[in-house]
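Please open the model in your viewer and keep the sequence panel beside it. This tour moves from the whole chain to single residues, and at each stop it suggests what to select.

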Amino acid sequence: MVAQAPSGKKPLPDMMTSIRIDKSGQVEIVDQLLLPHSVKWIPISTPEEAFDAIKSMKIRGAPAIASLAALSLKSSLSTEEIRSKSEEEVKKWILDQCDYLQSSRPTAVNLSEAMNRIRTYIKTHTSSSSSSSSSATSASADLVQKVQQICQDVHEEDLERNMTMGRLGAEWLAKKSGKSKLKVVTVCNTGSLATSGYGTAIGVITALFENDQLDTAYYAQTTPYHQGSRLTSLELTTLEIPACMICDTMLGSLFQHEDIDGVIVGADRVVKNGDTANKIGTYQAAVLAQRHNIPFMVVAPVTTIDLSLKTGAEIHIEQRPPVEATQVRGLNIETGKLSVVRITPEGVGEGDKPWQRVYNPSFDVTPAELISCVVTEKGVAERKEGAKDIDVSSIC
């Protein structure tokens, strides 16, 4: 369950990974619902299996789900059933699968960006073959091969850009603070489990640690799925990075009593004016950070930026099943077995009575006016003093 960590000034233990591919090309993911107590690898061979894994949160993190969707499509294109189709039939099948996979997590723009790369190629691809049977078969095979390469590129490009973002973000924050050792806060999980490696926001934290510039990384539990207490905790522990967990409701208290130098978060979508959709709880962290004059940094690859939307008001926010907020998963310390436990009265989140309702959005939107800067692999876009927008087009 490890991938060799990139070398840096401070040697790191092996990083975790959420996706692996064996020598035969079989794609597997680690079931993140069972972490940190159990490691179970699940084979993914079809778009249907990828859709289920993404929808059920067995894998999450905008870059990681884009990788899995693309890799599942690549695997399916290798089957004899697909290769026996005509070129036009293959095109239609691929476009249908892109639509299907994209619907699994509508807020995360990396997924739609990956599917759009494939759609663009399909729609602009013109066969130069004749109408003969052998030529048609060759054209179909050529189409499949090129789409498979796009799918592989989606997965492989992520690691290098994450390392670049980590370096850029760490340099910006260190210069901003002027300190030799920084205390930072993050929300959700944005490390190697959420990406193809190294991570986005956690990539910045890792870069600070490698350069011996990190004092402590504080991370919020991030309920109701506890990506912080389950996954970020596991990653930072694995990397032996000095860290401290806090409950989501403790952010204000932490900012009052600790000299925090920055809040570093990832993103599922950054729109044209800099408004950012990220895991629920990010907006409140940004509000509190501004109140305490703490820099608030968004770290995301270019594929997360969506210039087609002008403001965050246009972002579709995924609503999760209400019952998910009424349960917690964990290790039963009495039996030693994994358990799912209800923490609310029976009927809450499941019944239709007015007193049984649950509000459970998966994401919230942080306005650009609360964000200090957005970091991509192309650079850092700062919000100018007094401005309400950030020109993210400059780092696309």
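Begin with the whole chain in cartoon view, where there are 10 helices and 18 strands to find. The radius of gyration is 22 Å, close to the 21 Å that the globule rule gives for 396 residues, so the chain is as compact as a globular protein of that length. If you turn the chain along its principal axes, its C-alpha atoms fill a box of roughly 75 × 50 × 45 Å.

Please keep in mind that this is a predicted model. Colour the chain by pLDDT: the mean is 92, and 93% of the residues reach 70 or more. Then select residues 1-8, where pLDDT stays under 50, although the model has 27 contacts beyond four places in sequence for them. Where pLDDT is low, the predicted coordinates should not be read in detail.

Next, show the surface of the chain, which exposes about 17500 Å², with carbon and sulfur atoms supplying 50% of that area. Buried residues make up 54% of the 396 residues. Of the contacts between residues at least 6 apart in sequence, 72% join residues at least 24 apart.

Now select Asp 268, which UniProt, in an unreviewed entry, lists under "active site". Where along the chain does Asp 268 lie? The residue sits in the loop between β9 (262-265) and β10 (269-271). Is Asp 268 buried or exposed? Its relative accessible area is 10%, under the 20% cut-off, and Asp 268 therefore counts as buried. Show the surrounding residues as sticks: apart from residues up to four places away in sequence, Asp 268 touches Ala 62, Thr 107, Ala 108, Val 109, Asn 110, Ala 277, Asn 278, Lys 279, Thr 304 and Phe 363.

From that list, move on to Thr 107, found in the loop between α4 (87-102) and α5 (109-124). Thr 107 is also buried, at 1% relative accessibility. With neighbours within four places in sequence left aside, the contacts of Thr 107 include Asp 268, Arg 269, Ala 277 and Phe 363. Also in contact with Thr 107 is the run Ile 315, His 316, Ile 317 and Glu 318.

The last stops are charged pairs, taken from the 21 salt bridges found in the whole structure. Select Arg 117 and Glu 157, which form a salt bridge with their closest N and O atoms 3.1 Å apart. Arg 117 lies in helix α5 and Glu 157 in helix α6 (residues 133-177), so this pair ties together parts that are 40 residues apart in sequence. Arg 117 is partly exposed, with a relative accessible area of 25%, and Glu 157 is partly exposed at 33%.

Then select Asp 52 and Lys 58, another salt bridge, in which the closest N and O atoms are 3.7 Å apart; Asp 52 is partly exposed, at 43% relative accessibility. A further pair is Asp 352 with Lys 353, whose closest N and O atoms are 3.6 Å apart. Here Asp 352 counts as exposed at 68% relative accessibility, whereas Lys 353 is partly exposed at 38%. To finish, select Arg 105, Glu 318, Arg 320 and Glu 324 together, since salt bridges that share partners join these residues into one network. Glu 318 has appeared on this tour before, among the contacts of Thr 107.

Note on methods
Residues are numbered from 1 along each chain as its sequence is written. This is a predicted model: local features need pLDDT of at least 70, side-chain atom pairs count only at pLDDT 80 or more; totals for chains, interfaces and linings use all residues. Side-chain values use heavy atoms; hydrogens and water are left out. UniProt positions are given in the numbering used here, feature names are shortened, and annotations may be inferred rather than shown by experiment. Helices (H or I, at least four residues) and strands (E, at least two) are DSSP runs, numbered from the N terminus. Buried means under 20% relative accessible area, exposed over 50%, partly exposed in between (1.4 Å probe, protein chains only). Contact means heavy atoms within 4.5 Å. pLDDT is the predictor's confidence in each residue, from 0 to 100. The radius of gyration is taken over C-alpha atoms; the globule rule is 2.2 Å times the number of residues to the power 0.38. Accessible areas come from the Shrake-Rupley method with a 1.4 Å probe; for residues, only the protein chains shown count as cover. A salt bridge is a side-chain nitrogen of Lys or Arg within 4 Å of a carboxyl oxygen of Asp or Glu.
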